[in-house]
Each structure stands twice: as C-alpha cells, then as structure tokens.
Amino acid sequence: WTSNSLEHFDPLEIEHRAYEASRIATTRVGHTIVVTNEVGLGVVPANDLARVFVDLLGRVNTVWAEVADHMVLMIAGRALSLTSTALPWAPFDDDAR
C-alpha cells in the first residue's frame with residue numbers, strides 16, 4: 001500500500017491517509033490485522049526514493065502502532081510481542097555480577 005501510494009501522492013499525504021485508515025479501523029466491529037515490513041533494521045539505501053520509502057514506511061507503521069491493541073514482530077519465524085509488559089529476559093541482579 002505504501003509503495004504503491006508513492007506513485008500517486010507525496011509522503012505527507014500518504015501519512016495522512018494511513019492515519020485516516022487507522023482511525024477508521026478502530027471503529028470496525030471485529031479484528032483488523034495489518035501486515036507490514038520492517039525496513040529500518042537494514043542498511044540505509046543509497047538512492048533517494050528508497051530512503052523516502054524507508055522513512056515513510058516507518059512513519060506509517062508508527063501510525064498503525066499507535067492504535068493497535070497488539071503488535072508482533074516476526075523474526076526468523078518467531079513472534080516477538082511488542083505490546084507485552086513482561087521482559088523477554090531476566091533483568092540483571094547487581095549483586096550477582
């Protein structure tokens with residue numbers, strides 16, 4: 001959706017449309033599942049359009065994350081909850097170091 005929108009709209013308009021779509025989704029009865037890529041963990045692209053896309057997708061993902069009840073990052077087939085309050089590891093005990 002984001003990459004196709006870049007052919008027709010400027011990034012600010014796309015971000016606004018993502019905001020509007022996310023707000024409409026919150027009024028629906030039932031679940032809305034949004035699937036997207038995470039592109040900010042890789043190398044910064046060399047060309048301008050690719051950098052615009054990476055920055056824009058990050059903003060679009062943030063728009064959806066702001067209204068999400070649950071968020072999951074899939075890495076190597078493993079689901080990492082981004083909404084859980086539990087730590088995925090045991091905190092260090094200063095006395096045990």
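Helices here are DSSP runs of at least four residues, strands are runs of at least two, and both are numbered from the N terminus. On that basis the chain of this predicted model has three helices and two strands.

**Stop 1: the whole chain**

Show the chain as a cartoon and follow it from the N terminus. The elements come in the order α-α-α-β-β. Now colour the 97 residues by accessibility: buried residues account for 11% of them. Contacts along the chain can be sorted by sequence separation. Of those between residues at least 6 apart in sequence, 56% connect residues at least 24 apart.

**Stop 2: helices α2 and α3**

Select residues 11-26, which form helix α2, and residues 48-67, which form helix α3. Two packed helices are described by the angle between their axes and the distance between the axes. For α2 and α3 the angle is about 20°, and the axes lie 9 Å apart. The pair therefore counts as roughly parallel, because angles under 35 degrees are classed that way. The crossing of α2 and α3 is right-handed.

Next, show the side chains where the two helices meet. On the α2 side, select Pro11, Ile14, Glu15, Ala18, Tyr19, Ala21, Ser22, Arg23, Ala25 and Thr26. On the α3 side, select Val52, Leu56, Arg59, Val60, Val63, Trp64, Glu66 and Val67. Coloured by type, the residues of this contact comprise 12 nonpolar, two polar and four charged.

**Stop 3: a salt bridge inside α2**

How many salt bridges does the structure hold? There are four, and this tour visits some of them. Start with Arg17 and Glu13, whose side chains form a salt bridge with an N to O distance of 2.9 Å. Both residues belong to helix α2, and they are about one helical turn from each other because they are four residues apart. Arg17 is partly exposed, at 36% relative accessibility. Glu13 is partly exposed as well, at 28%.

**Stop 4: Arg59 and Glu15**

Turn to the contact of α2 with α3 and select Arg59 and Glu15. Their side chains meet in a salt bridge, again 2.9 Å from N to O. Here the partners come from distant parts of the chain: Arg59 sits in helix α3 and Glu15 in helix α2, with their positions 44 residues apart in sequence. Arg59 is partly exposed, at 31% relative accessibility. Glu15 has 22% relative accessibility and is also classed as partly exposed.

**Stop 5: Arg23 and its surroundings**

Select Arg23 and Glu66. This salt bridge has its closest N and O atoms 4.0 Å apart. The pair also links distant parts of the chain, with Arg23 in helix α2 and Glu66 in helix α3, 43 residues apart. Is each partner buried, partly exposed or exposed? Arg23 is partly exposed, at 25% relative accessibility, whereas Glu66 is exposed, with a relative accessible area of 54%.

Keep Arg23 selected and show what surrounds it. Apart from neighbours within four places in sequence, Arg23 contacts Val63, Glu66 and Val67. Draw a distance between the C-alpha atoms of Arg23 and Val63: the two are 9.4 Å apart in space and 40 residues apart along the chain.

**Stop 6: Ala21**

Stay in helix α2 and select Ala21. Ala21 is partly exposed, at 31% relative accessibility. Draw a C-alpha to C-alpha distance from Ala21 to Val63 in the same way. The value is 9.6 Å, for residues 42 apart in sequence. Ala21 and Val63 both appear among the residues through which α2 and α3 meet.

**Stop 7: the loop between the strands**

Finally, move to strands β1 (72-75) and β2 (78-81) and select Ala76 in the loop between them. What is the sign of phi at Ala76? The angle is positive, at about 50°, although Ala76 is not a glycine. Switch on the surface: with 78% relative accessibility, Ala76 is exposed, since the class begins over 50%.

Key:
Residues are numbered from 1 along each chain as its sequence is written. This is a predicted model: local features need pLDDT of at least 70, side-chain atom pairs count only at pLDDT 80 or more; totals for chains, interfaces and linings use all residues. Side-chain values use heavy atoms; hydrogens and water are left out. Axes are lines fitted to C-alpha atoms, for helices over the stretch in contact, and angles run from 0 to 180 degrees between N-to-C directions. Angles under 35 degrees count as roughly parallel, over 145 as roughly antiparallel, 65 to 115 as roughly perpendicular and the rest as oblique. A crossing is left-handed if the near helix is turned anticlockwise from the far one by less than a right angle, and right-handed if clockwise. Contact means heavy atoms within 4.5 Å. Ala, Val, Leu, Ile, Met, Phe, Trp, Tyr, Cys and Pro count as nonpolar, Asp, Glu, Lys and Arg as charged, and the others, Gly among them, as polar. Buried means under 20% relative accessible area, exposed over 50%, partly exposed in between (1.4 Å probe, protein chains only).
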